[in-house]
Amino acid sequence: MNNYQHSLFSFTEQGEGGQKATATAHMRIGGLASTLKACMQQTLTTAAPYLSRAQLVDRMNEIAQQNGVKITTGRTRLLTTNILDKWLAPNDTDDIPPLMAVEVFMLAVGSLAPLEFLAEFHGCKLLGPDEILLFEYGKAKFESKERARKLRRLENDLAENRTTRRR
């Protein structure tokens with residue numbers, strides 16, 4: 001019996017080739033909705049401390065209308081503070097914000113924190129423009145060193161073949 005307590009943020013590697021275990025993700029998915037909601041609530045508190053929920057609702061409805069997208073479910077056309085309150089309540093797992101609503105929420109508050117949370121949930125990390133440049137530089141440097149090693153091996157093989165033929 002496994003006595004390890006899995007948390008929402010725990011990751012283990014299993015299987016051959018170091019593949020991420022999907023079993024761990026399945027064990028954590030039960031808390032995904034409430035943790036995402038808590039993340040969104042915290043994001044609203046920290047990213048826009050001077051933005052009321054009513055102002056956020058207005059901003060989200062405006063963004064949705066400008067882009068021709070629907071952020072509510074059912075027949076409801078506009079977001080209300082009541083719906084937003086349900087979306088941000090971690091204990092209310094019946095009312096989960098749709099993906100498009102999470103995107104509009106991030107645009108409205110000017111933060112990618114919910115997306116960062118979802119990426120981390122899957123063992124990934126978001127990169128900003130500077131981090132992308134560093135990643136690309138490191139990747140190119142690594143590939144360059146690999147090509148240099150291959151070139152040296154080929155040169156050694158050529159040298160061995162020439163000395164073997166001369167004998």
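This passage describes the helices, salt bridges and largest pocket of a predicted model.

The overall fold is a good place to start. The secondary structure comprises seven helices and zero strands, and reading along the sequence gives the pattern α-α-α-α-α-α-α. The chain has 167 residues, of which 27% count as buried.

Two helices in the earlier part of this account illustrate how the buried residues are placed. Helix α2 covers residues 32-47. With 16 residues, α2 reaches 21 Å from its first C-alpha to its last, close to the 22 Å expected at 1.5 Å a residue. Its buried residues are Leu32, Ala33, Thr35, Leu36, Lys37, Cys39, Met40, Thr43 and Leu44. Readers who like to look for charged side chains may notice that Lys37 is among them.

Helix α3 has 15 residues, and its span from first to last C-alpha is 21 Å, close to the 21 Å expected at 1.5 Å a residue. Which residues of α3 are buried? They are Leu56, Val57, Met60, Asn61, Ile63 and Ala64. Seen down the axis of α3, these buried residues fall within an arc of 160 degrees, so they line one face of the helix. The face turned away from that buried side carries the exposed residues Asp58, Gln65 and Gln66. As a reminder, an α-helix has 3.6 residues a turn, so residues three or four places apart point the same way.

Helix α3 also takes part in a contact with another helix. Two salt bridges are counted in the model. One of them joins Asp85 to Arg53, with the closest N and O atoms 2.8 Å apart. Asp85 lies in helix α4 (residues 81-88) and Arg53 in helix α3 (residues 53-67), so this pair ties together parts that are 32 residues apart in sequence. Both partners are partly exposed: Asp85 has a relative accessible area of 36%, and Arg53 has one of 30%.

The other salt bridge is formed by Glu146 and Arg149, whose closest N and O atoms are 2.4 Å apart. Where does this pair lie? Both residues belong to helix α7 (residues 129-166), three residues apart, which is about one turn of the helix. Here too the partners are partly exposed, with a relative accessible area of 34% for Glu146 and a relative accessibility of 35% for Arg149. In general terms, side chains of opposite charge can pair when their charged atoms come close.

Attention now turns to helices α5 and α6. Met100 is located in helix α5, which covers residues 99-109. This methionine is partly exposed, with a relative accessible area of 38%. The C-alpha atom of Met100 is separated by 7.7 Å from that of Val69, although the two residues are 31 residues apart along the chain.

In helix α6 (residues 113-121), the buried residues are Ala113, Pro114, Phe117, Ala119 and Phe121. Is Pro114, a residue of α6, buried or exposed? At 0% relative accessibility, Pro114 counts as buried. Its C-alpha atom and that of Val102 are separated by 7.5 Å, and the two residues are 12 residues apart along the chain. Following α6 comes Gly123, which has a positive phi, near 80 degrees.

Finally, there is the largest pocket, which holds about 150 Å³ of space. Which residues line it? The lining consists of Thr72, Thr73, Thr76, Asn82, Ile83, Lys86, Trp87, Asp95 and Ile96. By residue class, this lining divides into three nonpolar, four polar and two charged residues. Helix α4, the home of Asp85 in the salt bridge with Arg53, covers residues 81-88, and the pocket lining includes Asn82, Ile83, Lys86 and Trp87.

Key: Residues are numbered from 1 along each chain as its sequence is written. This is a predicted model: local features need pLDDT of at least 70, side-chain atom pairs count only at pLDDT 80 or more; totals for chains, interfaces and linings use all residues. Side-chain values use heavy atoms; hydrogens and water are left out. On a 1 Å grid over the protein atoms alone, a cavity is a set of points where a 1.4 Å probe fits but cannot get out, and a pocket is an open set with protein on both sides within 12 Å along at least five of seven lines; lining residues have an atom within 4 Å of a point. Grid points are joined across faces, edges and corners, and a volume is the space filled by probe spheres set on the points. Ala, Val, Leu, Ile, Met, Phe, Trp, Tyr, Cys and Pro count as nonpolar, Asp, Glu, Lys and Arg as charged, and the others, Gly among them, as polar. A salt bridge is a side-chain nitrogen of Lys or Arg within 4 Å of a carboxyl oxygen of Asp or Glu. Helices (H or I, at least four residues) and strands (E, at least two) are DSSP runs, numbered from the N terminus. Buried means under 20% relative accessible area, exposed over 50%, partly exposed in between (1.4 Å probe, protein chains only). The expected span of a helix is 1.5 Å times one less than its number of residues. The arc is that of the directions from the helix axis to the C-beta atoms.
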